[in-house]
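Please give a short report on a small sheet, a charged patch and a few single residues in this protein. Plain wording for a first-year student is enough.

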Amino acid sequence: MKVRRPEHLVLRWPPEGLEVGLPGRAQWVRLSADLRKVLDRAGDGIDLDELAGAFGTEHEAKVRHAVTALLELGVLTPVDEAARMPPLWQRWGGLARRFHLEARDADYLVDSPRRADEADAILAESDAPPAFKEYPDHPVVPLPRRPLPLSTSVDDVFAGRRTHRRFADTAVSLDQLGTLLFHSFAPHRFIDGGDFGVQQCRVSASAGGRHEVEAYIVVHNVIGVPPGLYHYSVVRHALELLDADADRERLAELTYYQEASYQGAFTVVTTAVANRLAWKYRHPRAYRLWMYDAGHYGQTFALTATALGLGPFQTVAFADSRLERFLGVDPDEEFAVYLLAAGVPEGPASLLPADFAFPRPGAVR
């Protein structure tokens with residue numbers, strides 16, 4: 001039998017020594033120097049007898065025993081089974097599979113006597129990260145404090161919500177923008193969160209009420225707001241100017257020239273201030289949470305825009321690092337997660353896009 005190292009092995013090197021993630025399991029095994037030599041010699045494929053004898057006859061029995069154990073753990077694999085990684089993980093790669101395994105089956109300590117101890121340890125270690133981000137020294141555009149009424153029925157909003165890719169060259173009012181940002185990103189009220197302090201109640205759900213999402217708005221065509229890049233201050237319900245020179249052309253370069261990303265009246269880039277989550281949730285599963293939260297915010301944005309008669313758009317197709325430099329954020333602390341846009345849809349209002357075509361008979365079952 002010939003054996004080899006799997007194509008995708010994930011390693012980490014804590015102070016205690018090199019460890020390998022077991023394929024298909026959220027477990028790690030420490031590798032001694034001798035085991036590392038065995039894996040190195042196995043390479044892309046070697047006969048088991050040749051491998052066992054490669055370290056001298058006096059070590060052959062120990063090597064065979066080690067190889068048997070490594071085969072059982074999946075750290076070595078028979079050559080004829082080496083390509084049997086499930087198709088999903090062949091497409092996404094070993095790192096994605098490792099993350100998926102590490103993020104499963106987290107212990108949330110529900111009804112556990114350890115829950116209070118864990119909370120006390122978190123609170124004793126450090127203060128919570130700031131719940132809000134502000135740019136107090138930047139020029140400000142205040143937004144109307146009274147939102148527009150959302151009188152469109154829920155049925156009509158649900159039926160009319162579509163992702164729009166073509167927008168008319170029509171300005172959006174300051175009231176429309178302010179209403180959309182208020183319902184999409186601002187707290188409507190506050191509640192007592194106990195030991196973890198005051199918590200925000202926003203339209204969108206957020207893990208543990210941490211609300212790590214921030215909104216940056218690139219204004220293109222809004223009445224009463226000069227074009228440029230702004231941060232939305234949820235505390236002041238205002239736009240804080242970051243870059244007066246930001247325009248559609250600069251945004252186009254960061255979004256692979258997807259016209260819907262920058263041809264509406266404004267574009268919203270949401271980020272995650274990740275430590276708001278990591279401070280409270282300290283297991284790998286929590287890395288998923290900002291993804292869920294970004295989706296919650298995106299849907300609230302889309303439904304509110306629809307209720308206001310605007311066409312929403314959303315994408316994650318952007319150049320992360322360059323977009324973060326454009327926003328002026330530190331990607332080790334805050335990173336871009338979702339791009340949203342809105343404007344007046346091109347053409348007459350309709351529940352169906354202008355280029356919609358019903359499928360030919362038999363095409364859809």
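## Sheet and surface

Strand E1 (residues 2-4) runs antiparallel to E6, and two bridges join them. Strands here are DSSP runs of E with at least two residues, helices are runs of H or I with at least four, and both are numbered from the N terminus. Two strands count as paired if DSSP finds at least two bridges between them. This is a predicted model, in which local features need pLDDT of at least 70 and side-chain atom pairs count only at pLDDT 80 or more, while totals for chains, interfaces and linings use all residues. Residues are numbered from 1 along each chain as its sequence is written, and side-chain values use heavy atoms, without hydrogens and water.

Within the E1-E6 pairing, Val3 stands opposite Pro78 in E6. The open sheet has three strands in the order E5-E1-E6, with antiparallel pairing. Strand E5 (46-47) and strand E6 (77-78) are at the edges with a single partner strand each, so one side of each has no neighbour in the sheet.

Ser233 and Val3 are 230 residues apart in sequence, and their C-alpha atoms are 59 Å apart in space.

The table compares two residues by place and by relative accessible area (buried is under 20%, exposed over 50%, partly exposed in between; 1.4 Å probe, protein chains only).

| Residue | Place | Relative accessible area |
|---|---|---|
| Ser233 | strand E11 (residues 228-233) | 0%, buried |
| Asp247 | loop between strand E12 (238-243) and helix H9 (248-254) | 33%, partly exposed |
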